Amino acid sequence: MRILDLLLRGIIAGLAISIPVGPVNVLCVSRTLAKGRLSGILSGLGAATADTIYGAIAGYSISFVISFLIREVSRIRFYGGILLIAIGISYYFKKAQIIQKYGDGKPSRADFVSAFLLNLTNPTTVLSFLAVLAGLHMSGERDWWLTLFLVLGIFTGAMLWWITLALLANHFRDRFNGRAMLWMNRIAGLAIGAFGIITLILSRA
């Protein structure tokens, strides 16, 4: 029962961290509409991997890593903000792709890497996990192998969200034509760029 409890609480934590709207959510939806659900899920996998790393740091209470992230938060946010702005600009000027109404386009390694880096450049995620785990009464010490099930739950919860989001976006693909995708790219570019500007401002706070 202890293992199942850790898994369930980890799933809740993974969902709690992944669901709030952010730049990766925008990327996941945009890529799903353009290339299909596999591309969206691969982007989600990158985001979930980064979240799981931070979840493991919080779950194991690795104090020296947490201290480093807090100390370097401004620098990491700065580079993360630049990355977001660059992706936002590229999406804004991106030409509309021809949408395949049936089947998926070819996902690429960049789908995973870009989403992974975007989530990894938000070191405050580890603080969010610390808060969520404390709220779930998971902040106490336990055997290292039990914490593995908590971390597995975090990854599972995160992937549940990304798979659900990709499948929902894929459901509406047939309603998008070339003109709609052009506007989707512009909206995604503006949204991601705005997140980048906010991140840069926070890096100087």
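Which residues of α6 are buried? That was my starting point today, with a predicted model open in front of me.

**Entry 1: helix α6**

I looked up the burial list and found Asp111, Ser114, Ala115, Phe116, Leu118 and Asn119 as the buried residues of α6. Next I asked what covers them, and the cover includes α2, α3 (37-59), α5 (73-92) and α7 (125-135). I also checked the length of the helix: α6 has twelve residues and spans 16 Å from first C-alpha to last, close to the 16 Å expected at 1.5 Å a residue.

**Entry 2: α2 against α6**

Since α2 is part of that cover, I took this pair next. I find helix α2 (residues 23-35) packed with helix α6 (residues 109-120) at an angle of about 170°, and their axes are 10 Å apart. Angles over 145 degrees count as roughly antiparallel, so I wrote down α2 and α6 as roughly antiparallel to each other. The crossing of α2 past α6 is right-handed. On the α2 side I listed Val24, Leu27, Arg31 and Lys35 as making the contact, and on the α6 side Ala110, Asp111, Ser114, Ala115, Leu118 and Asn119. Sorted by character, the residues of this contact are five nonpolar, two polar and three charged.

**Entry 3: α1 against α7**

How do the axes of α1 and α7 cross, and within what distance do they come? For helix α1 (residues 2-18) and α7 I noted a crossing at roughly 135°, with the axes coming within 10 Å. That angle makes α1 oblique to α7. Here too I noted the hand, and α1 passes α7 in a right-handed crossing. From α1, the contact uses Ala13, Ala16 and Ile17; from α7, it uses Thr125, Ser128, Phe129, Val132 and Leu133. I sorted these residues as well, and the contact of α1 with α7 has six nonpolar, two polar and no charged residues.

**Entry 4: alanine 58**

I then turned to one residue of helix α3, alanine 58. Is alanine 58 buried or exposed? Its relative accessible area is 4%, so I put alanine 58 down as buried. Setting aside neighbours within four places in sequence, I found alanine 58 in contact with Val126, Phe129, Leu130 and Leu133. Phe129 and Leu133 were already in my notes, on the α7 side of the contact with α1. One last distance for the page: alanine 58 and serine 128 lie 70 residues apart in sequence, and their C-alpha atoms are 9.0 Å apart in space.

Notes:
Residues are numbered from 1 along each chain as its sequence is written. This is a predicted model: local features need pLDDT of at least 70, side-chain atom pairs count only at pLDDT 80 or more; totals for chains, interfaces and linings use all residues. Side-chain values use heavy atoms; hydrogens and water are left out. Axes are lines fitted to C-alpha atoms, for helices over the stretch in contact, and angles run from 0 to 180 degrees between N-to-C directions. Helices (H or I, at least four residues) and strands (E, at least two) are DSSP runs, numbered from the N terminus. Angles under 35 degrees count as roughly parallel, over 145 as roughly antiparallel, 65 to 115 as roughly perpendicular and the rest as oblique. A crossing is left-handed if the near helix is turned anticlockwise from the far one by less than a right angle, and right-handed if clockwise. Contact means heavy atoms within 4.5 Å. Ala, Val, Leu, Ile, Met, Phe, Trp, Tyr, Cys and Pro count as nonpolar, Asp, Glu, Lys and Arg as charged, and the others, Gly among them, as polar. The expected span of a helix is 1.5 Å times one less than its number of residues. Buried means under 20% relative accessible area, exposed over 50%, partly exposed in between (1.4 Å probe, protein chains only).
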